[in-house]
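Colleague: I am new to this one. Please take me through a single part of it, up close.

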Amino acid sequence: MGEDTLPLSDSCLFVIPPGVPHYMSSDGDKFIGYELDLDVNWLQSFSKFQYPAAPQFIHNIKQTYQASAELSERLLHAFQDLNDHPDWSDRLFFVINQLASMRNLSAVGPVEDVSRSLDPRLVEAVQYMLAHYREKVSMEEIATQSHVSVSTLKRLMSNYYGKSVTEFLWQLRIGYACELLVSTVKPIALIAELSGFANMSHFNRTFLSLKGNTPREYRKIFQVKRH
């Protein structure tokens, strides 16, 4: 999530604020994941009468939280039923109210600014980068897919994320590299290539800049934590 790698376990639940890139992956074992995407504007529009806890929930979620095992288990069945249950709105009401209390939630990520709504063009750009960050992708290509000019794309990224398109791509690539370093025994040179870096020196420099360790040091740290 963002620049951080967090371990997944049975029935774990994360609450992630808008605009934070994230993905789940496994080292081979199959898993089932549920993602409930709650639009901030939609929540605000319904909060007065259907979801009175929504404003508090929106105000509080300014960073990534992980739910306790107890809360995760409690909400698991509600998530499973949301798609097919005739009373899905009641289930959603239950989920939001459980989360809005902020009990049994522990902060696991940096504070984010969720007061701004994402521009739909920026949403398209981010979605495209999430789908293609491991490939050789240009700023012009991202701008074209998002139906904006390169200058507008740069402005949108800077205004919302406070970083350039290139920096955002580096963040995604290094996040994926971290996951591979921790969960696989693949050679570091191969991990660099799989993460979208053209050469090792660039990969090593970027990794050290964002994580404060070399890829080799980062892998050793997590190997020690496992033992």
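Colleague: Which ring does the charged end of Arg134 sit over, and how far is that charged end from the ring's centre?

Modeller: This is a predicted model. The ring is that of Tyr176, and the charged end of Arg134 sits 4.4 Å from its centre.

Tyr176 also takes part in an aromatic pair. A pair of aromatic rings is described by the distance of the centres and the angle of the planes. The count here comes to 4 aromatic pairs. One of them joins Tyr133 and Tyr176. Their centres are 6.2 Å apart, and their planes make an angle of 75°. That makes the pair edge-to-face, because an angle over 60 degrees counts as such.

Now place the two partners on the chain. Tyr133 lies in the loop between helix H5 (120-132) and helix H6 (139-145). Tyr176 belongs to helix H8 (residues 165-183). The two are 43 residues apart, so the pair links distant parts of the chain.

Are these tyrosines buried or exposed? The cut-off for buried is under 20% relative accessible area. Tyr133 has 4% relative accessibility, so Tyr133 is buried. Tyr176 has 13%, so Tyr176 is buried as well.

To sum up, Tyr176 has the charged end of Arg134 over its ring. Tyr176 also meets Tyr133 edge-to-face. This pair ties a loop residue to a residue of helix H8.

Key
Residues are numbered from 1 along each chain as its sequence is written. This is a predicted model: local features need pLDDT of at least 70, side-chain atom pairs count only at pLDDT 80 or more; totals for chains, interfaces and linings use all residues. Side-chain values use heavy atoms; hydrogens and water are left out. Rings of Phe, Tyr and Trp (its six-membered ring) pair if their centres lie within 6.5 Å; planes under 30 degrees apart count as stacked, over 60 as edge-to-face and the rest as tilted. Helices (H or I, at least four residues) and strands (E, at least two) are DSSP runs, numbered from the N terminus. Buried means under 20% relative accessible area, exposed over 50%, partly exposed in between (1.4 Å probe, protein chains only). A charge sits over a ring if NZ of Lys or CZ of Arg is within 6 Å of the ring centre and within 35 degrees of the ring normal.
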